[in-house]
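This report describes a single protein chain from its overall content down to individual residues. The sequence and the structure come first.

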Amino acid sequence: MRKLLLLFCVSLLISALTFPTLSIAASDHKVVEKHINRLLERKKVTAPTPAPAPSSKANVYLTFDDGPNKFTTTHNSILKKYNVNGTFFFLGKHMKDNEAIVKAVASDGHYIGTHSMTHDKEKVYKNAQAFIDEINSGVSLIDQMTGHSSKLIRVPYGSKPHLTTPMKEKLKQQHYKLWDWDVDSNDWRYKDEEFKEIITNVQTEVEKAYNSGDQDIIVLLHDRSQTTKALPSIIEWLQKEGYTLKTYQEDQHIVQNFFRDKTL
């Protein structure tokens with residue numbers, strides 16, 4: 001705008017020189033210049049303030065059971081691609097043969113908790129002592145391989161109805177924390193070619209949890225091939241919708257167990 005008005009002034013001066021009959025008096029020129037400057041001041045517009053970035057809708061914790069295995073490695077790579085950290089619940093029987101995978105997952109910033117040693121319902125839930133022995137053995141392996149004594153666990157098949165009161169007391173005595181889940185992807189039910197069902201399940205259930213007021217949504221997934229196919233789309237959708245993806249932090253524990261026990 002300023003340039004156009006200045007060009008207008010210049011053109012008037014040129015016209016005055018070229019065509020004497022159109023000459024403008026010096027006093028008239030000063031009047032025109034003052035008028036143009038006033039117009040320019042009025043036209044000044046400050047740059048618009050950028051709109052604030054949208055706030056996060058809720059925190060989402062992607063959790064993976066039953067590793068470590070080759071799918072754990074792929075999931076780790078996918079999470080890294082999207083700059084996301086997850087939470088893995090490993091089985092002791094698989095950790096023994098996959099120490100390199102355990103160390104890689106830990107070094108990439110993911111949290112590792114135990115999912116028992118055997119995942120055998122008859123062994124894990126035989127009695128309170130057998131139960132805590134399975135948990136302690138799994139945690140001991142995590143400590144040996146990563147140098148971190150994990151306190152978060154997920155029990156096989158979920159806590160309810162399997163955990164008895166004596167079993168819960170054993171956990172509390174050793175300061176363990178227990179996670180079940182808010183969203184069950186049901187990924188284990190589907191074949192590879194049905195992976196889109198997993199995506200739909202997560203989207204539907206996450207939105208349902210958020211609309212109910214849940215600000216910390218825990219999603220159950222597994223280290224399986226069909227989950228590998230679904231995971232990129234799940235992450236992309238969550239990020240596009242404004243959810244913040246996090247890993248578990250011991251100093252910011254979130255209570256999520258089917259007993260609603262705030263001490264676990």
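The text below covers the chain as a whole, two of its helices, its nonpolar cores and two single residues.

The model is predicted. Its chain holds ten helices and eight strands. Of its 264 residues, 42% count as buried. The accessible surface comes to about 14600 Å², and 53% of that area belongs to carbon and sulfur atoms. Among contacts with a separation of 6 or more, 78% are between residues 24 or more positions apart.

**Helices H3 and H7**

The two helices compare with the expected length as follows.

| Helix | Residues in helix | End-to-end C-alpha distance | Expected span |
|---|---|---|---|
| H3 | twelve residues | 17 Å | 16 Å |
| H7 | 19 residues | 27 Å | 27 Å |

For H7, which covers residues 128–146, the distance between the end C-alpha atoms agrees with the span expected at 1.5 Å a residue. For H3, the reach is close to the expected value.

Helix H3 has Asn69 as the cap of its N-terminal end, where a side-chain oxygen of Asn69 lies 2.9 Å from the backbone nitrogen of Phe71. Thr72, His75, Asn76, Ile78 and Leu79 are the buried residues of H3. Seen down the helix axis, these buried residues fall within an arc of 165 degrees, so they line one face of H3. An α-helix has 3.6 residues a turn, so residues three or four places apart point the same way. The face turned away from the buried side carries Lys70, Lys80 and Lys81, which are exposed. On the buried side, the packing partners of H3 are E1, E2, H5, E7 and H10. Just after the helix, Asn83 has a positive phi of about 55 degrees.

At the start of H7, a side-chain oxygen of Asn127 comes to within 3.1 Å of the backbone nitrogen of Gln129. The buried residues of H7 include Ala128, Phe131, Ile135, Gly138, Ile142 and Met145. The buried residues of this helix pack against helices H4, H5, H6 and H8 and against strands E3 and E4. Gly147, just after H7, takes a positive phi of about 80 degrees.

**Nonpolar cores**

In soluble globular proteins, nonpolar side chains tend to be buried together. Which residues of the largest nonpolar core touch the most other members? Among its 37 residues, they are Leu62, Val206, Ile217, Val219, Ile234, Ile235 and Leu238. Two or more residues each come from strands E1, E2 and E7 and from helices H3, H5, H7, H9 and H10. H10 gives the most, with six residues. Leaving out residues up to four places away in sequence, Ile235 touches Leu62, Ile78, Leu79, Tyr82, Val84 and Leu245. Another core, of 15 residues, lies apart from this one and has Ala128, Val139, Ile153 and Leu178 among its members.

**Two single residues**

Thr74 lies in helix H3. With a relative accessible area of 33%, Thr74 is partly exposed, because that value falls between the limits of 20% and 50%. Thr74 and Ser225 are 151 residues apart in sequence, while their C-alpha atoms are 9.3 Å apart in space.

Ser159 is placed in the loop between E4 and H8. Is Ser159 buried or exposed? Ser159 is buried, because its relative accessible area is 0%, under the limit of 20%. Not counting residues up to four places away in sequence, Ser159 touches Leu178, Asp180, Phe258 and Phe259.

Definitions and conventions. Residues are numbered from 1 along each chain as its sequence is written. This is a predicted model: local features need pLDDT of at least 70, side-chain atom pairs count only at pLDDT 80 or more; totals for chains, interfaces and linings use all residues. Side-chain values use heavy atoms; hydrogens and water are left out. Helices (H or I, at least four residues) and strands (E, at least two) are DSSP runs, numbered from the N terminus. The expected span of a helix is 1.5 Å times one less than its number of residues. Buried means under 20% relative accessible area, exposed over 50%, partly exposed in between (1.4 Å probe, protein chains only). Contact means heavy atoms within 4.5 Å. A polar contact is a pair of N or O atoms within 3.5 Å; within protein, one must be able to donate a hydrogen and the other to accept it, and residues adjacent in sequence count only if both atoms are side-chain atoms. A nonpolar core is a set of buried Ala, Val, Leu, Ile, Met, Phe, Trp, Tyr and Cys residues joined through side-chain atoms within 4.5 Å. Accessible areas come from the Shrake-Rupley method with a 1.4 Å probe; for residues, only the protein chains shown count as cover. The arc is that of the directions from the helix axis to the C-beta atoms.
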